[in-house]
Structures are given as C-alpha cells and as structure tokens.
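Subject: Structure for your review

Dear colleague,

I am passing on the structure we spoke about, and below it I have written out what I found. Please read the notes with the structure open beside them.

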Amino acid sequence: MAARRTDGTSVSGRIRAGARRLARAGRSRAVAAGLVVATVLTTGSALWLTFEVLGQREAEQRRQDVLAAARQSALNFTSLDYRHYERDSTNVLRGATGDFREEFAAQTEELTKLVEQNKSVSEGQILEAGIVRSDARSARVLVVADSKVTNTAVPKGEARTYRLQLDLVRRDGRWLTSDVEFVG
C-alpha cells in the first residue's frame, strides 16, 4: 500500500504530479527558447533585407543622378547660341571639372569669336543615355544626341547626330563631367 500524507495524497501521486509539473516546465522552457531563436532569426532576416533594400535604393539613386548629370552636360555641350554664348559656355563650365573644364575654358575666347562670326546656333536634344560603368565616385556614360545646327554656311539648318562618351566624377555632392569624347 502506498504511504499517505495527512492531506490524503500518496507519495507516488505526489511524484507523478511533480513529474508532470517538471514536464510542463521543460516544455515551457523549450517553447520559450524556440520563440527566442525564432525572434532572433526573424530580426536578423529583417535587418539583412532592410540593408539590401537600402543598398539597392542608394545604387538606383546614384544611377539616376549620374544619368541626369550626363544628360544635362551633353545638352549644354550641344546647345550653344551665338546670341547667348557667354551664358551657354558658363553652363558647360558649371557642370565641368578637371582637364575638360580647363580645355573648354581655355578655348572659350576663341570659340566665342568663331560662333559669333558664323552666327552659329546649335539646339541639342538628348536621345539616349546609358551607363557603361559607375561606382560611388566616378562613372562613364554614353550619350546619343541630335542637334539642329544653323550658321552662315547652312542658314536653313543641318541635323547632326553625336555619340558622346562622358566621364564623370563626384565632387562636393555633384556629378561633374571630367572628359568628353566624340565616339563612333
């Protein structure tokens, strides 16, 4: 016969009840540990995805900024009017840096005379632009531009198509053109 306590429960009953409490406590700890692991994994995954999305957004914004700067630089370069040449050349220089800026600035006086003599007007239009390569500090962009050119030799105008390769660098938060080459 099982020994009984004064409250009427047997020792074996108390052992079984204690074992059930221990089993419930073990399951509770296992569930709690599982929840902690799941929380850590979920938080880690969320952080990783957040950094991935931010990185993609940053890269896309840089891409858009590079293309916008290249398009504007090419438009400035292909849109020159003898009646406003000082303003137009200033626009080119404002978006330029390095050797390209120095070379263009050095030729401005001569170009001003030439453009004035010929009464040259060039109205540029950007057709396409694409990034060849880019990183956080530099980029190379190919631009296709059309331009209607009128001057004393061609008073009714002549259509010209330009394929330009622009090298850009990031300076003081802006993308500036450091080199322009006519290609193909």
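In what order do the strands of the open sheet follow one another, and is the pairing parallel or antiparallel? In this model, which is predicted, 5 strands form an open sheet in the order S1-S2-S3-S4-S5, and their pairing is antiparallel. The edges are taken by strand S1 (80-81) and strand S5 (174-182), each of which pairs on one side only.

Going through the sheet strand by strand, you will find that S2 (residues 121-134) and S3 (residues 138-150) pair in the antiparallel sense over 12 bridges, and that a hairpin joins S2 to S3 through 3 residues. To place this pairing on your screen, you can look for Gly130, which stands opposite Leu142 in S3. S3 is also joined to strand S4 (residues 158-171), again by 12 bridges and with the two strands running antiparallel; here Ser138 stands opposite Val169 in S4. S4 in turn is joined to S5 by 8 bridges, also in the antiparallel sense, and in this pairing Arg171 stands opposite Arg174 in S5.

Turning to the helices, helix H1 covers residues 11-78, and several of the side-chain features that I noted involve this helix. Arg21, which is found in H1, belongs to a positive surface patch that is formed by Arg16, Arg20, Arg21, Arg24 and Arg27. Further along the chain, Arg63 forms a salt bridge with Glu60, with the closest N and O atoms 3.6 Å apart; both residues lie in helix H1 and are 3 residues apart, which is about one turn of the helix. In total, the structure holds 6 salt bridges.

As for the aromatic side chains, the count comes to 5 aromatic pairs. One of them is formed by Phe77 and Phe104, whose rings lie 6.4 Å apart from centre to centre, with 55 degrees between the planes, and the pair is classed as tilted. This pair links distant parts of the chain, since Phe77 lies in helix H1 and Phe104 in helix H3 (residues 98-118), with their positions 27 residues apart in the numbering. If you wish to check the geometry of that contact yourself, Phe77 and Phe104 are the two residues to select.

With best regards

How values were computed:
Residues are numbered from 1 along each chain as its sequence is written. This is a predicted model: local features need pLDDT of at least 70, side-chain atom pairs count only at pLDDT 80 or more; totals for chains, interfaces and linings use all residues. Side-chain values use heavy atoms; hydrogens and water are left out. Patches are made of residues with over 30% relative accessible area and no salt bridge: like charges are joined within 9 Å, nonpolar side chains (Val, Leu, Ile, Met, Phe, Trp, Tyr) within 5 Å. Accessible areas come from the Shrake-Rupley method with a 1.4 Å probe; for residues, only the protein chains shown count as cover. A salt bridge is a side-chain nitrogen of Lys or Arg within 4 Å of a carboxyl oxygen of Asp or Glu. Lys and Arg count as positive and Asp and Glu as negative; His and the chain ends are not counted. The place of a charge is taken as NZ of Lys, CZ of Arg, CG of Asp or CD of Glu. Helices (H or I, at least four residues) and strands (E, at least two) are DSSP runs, numbered from the N terminus. Two strands pair if DSSP finds at least two bridges between them. Rings of Phe, Tyr and Trp (its six-membered ring) pair if their centres lie within 6.5 Å; planes under 30 degrees apart count as stacked, over 60 as edge-to-face and the rest as tilted.
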